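Let's take a walk through a protein together, starting from the outside and working towards a few single residues. Have a look at the picture first.

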Amino acid sequence: MAEVRPATGENGVGSRAIRVGTRRSQLARIQTDSVVEMLREFYPDLCFEIVAMSTTGDKILDTALSKIGEKSLFTKELENALERNEVDLVVHSLKDLPTSLPPGFTIGAICKRENPLDAVVFHPKNCGKTLSVLPEKSVIGTSSLRRAAQLKKKFPQLEFRDIRGNLNTRLKKLDEKEDFSAIILAAAGLKRMGWENRIGQLLSPEDCLYAVGQGALAVEVRAKDQETLNMVSALQDGETVLCCIAERAFMKRLGGCSVPVAVNTMLKDGQNEDGPNDDVQHVGITAKNVPGQAQEAAENLGIELASLLLSKGAKHILSVARQLNDAC
């Protein structure tokens, strides 16, 4: 059952109501509110309603995400509502969206990226420490195979255990029990929740490469809904779009969302130059306000880098990683 909450503002009763779909979690609500606020600044005469609903990923809390196998854990119910015309657009964390969207949908906007790095939140008894100085066999909580794989190599003296739940739940498990010495979370989510003070250590790309799309918010719409597509394109951040197109193309070439892929992406100066725009989708993204040539170059970069890794044995490594994950 979806919950409908009118967005606040001074829009008149006769204004067109734009229905915005989101997950029920506190973080999802905060992220959606921020997107709606930006839209309201561009379109002060429009009225926005926020429609919140639970997803499969919100309901399955006793199994590691990497073992569930479903590619649309946090998006399927929202896309169903979009397909049934119950909402006009949906706000997602981009990293939750598969590299191939269902037919009829597109990512109409990607907002300016927040810090994409991973962060360590320590148990209160370990305040002021870093991962490198924790006692041997200290247990670190993470729901991400990507994080665990990298950090096991960097910190072999530590143990890594799955921890599920939303941010509030995971922090409560950390603080109120002795099961974990620390947990790993996305810095962006902590900042959006107003919990930056809980970040005890930011993990540099040398320690832990981040997830594809991490830190970016995406707005998904019906591909043929040109009116809504034009509206949300005002939210587009060109640099973030190009980085995320490259990352998503890289992941898709390596096998999609079912593989533990990590990245670190930077846009070189002069690569976001003016040029003709197009409505062509690039790995599920329609970026009306970003030059088409730049989008194509970003997608090709991701594909070429992935192809290079595959030629050097990445396919075998990823296959073994899947087998080990399934066996655990």
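Start with the surface: the protein chain exposes about 15,700 Å², and carbon and sulfur atoms supply 51% of that area. Keep in mind that you're looking at a predicted model.

What about the inside? Of the 328 residues in the protein chain, 51% are buried. The chain is built with 11 helices and 13 strands. Now think about who touches whom. If you take the contacts with a separation of 6 or more, 75% of them involve residues 24 or more positions apart.

Let's zoom in on one helix, α4, which covers residues 76-83. Which of its residues are buried? They are Glu77, Leu78, Glu79, Ala81 and Leu82. Following α4 you'll meet asparagine 85, and its phi is positive, near 65°.

Next, some rings. How many aromatic pairs does the count come to? Just 1 aromatic pair, going by ring centres within 6.5 Å. The partners are phenylalanine 42 and tyrosine 43, with ring centres 6.3 Å apart. Why is the pair called tilted? Their planes sit at 45°, and planes under 30 degrees apart would count as stacked while those over 60 would be edge-to-face, so this pair falls into the remaining class, tilted.

Are these two residues buried or exposed? Phenylalanine 42 has a relative accessible area of 47%, so it is partly exposed, since exposed means over 50%. Tyrosine 43, at 24% relative accessibility, is partly exposed too, because buried means under 20%.

Methods:
Residues are numbered from 1 along each chain as its sequence is written. This is a predicted model: local features need pLDDT of at least 70, side-chain atom pairs count only at pLDDT 80 or more; totals for chains, interfaces and linings use all residues. Side-chain values use heavy atoms; hydrogens and water are left out. Buried means under 20% relative accessible area, exposed over 50%, partly exposed in between (1.4 Å probe, protein chains only). Helices (H or I, at least four residues) and strands (E, at least two) are DSSP runs, numbered from the N terminus. Rings of Phe, Tyr and Trp (its six-membered ring) pair if their centres lie within 6.5 Å; planes under 30 degrees apart count as stacked, over 60 as edge-to-face and the rest as tilted. Contact means heavy atoms within 4.5 Å. Accessible areas come from the Shrake-Rupley method with a 1.4 Å probe; for residues, only the protein chains shown count as cover.
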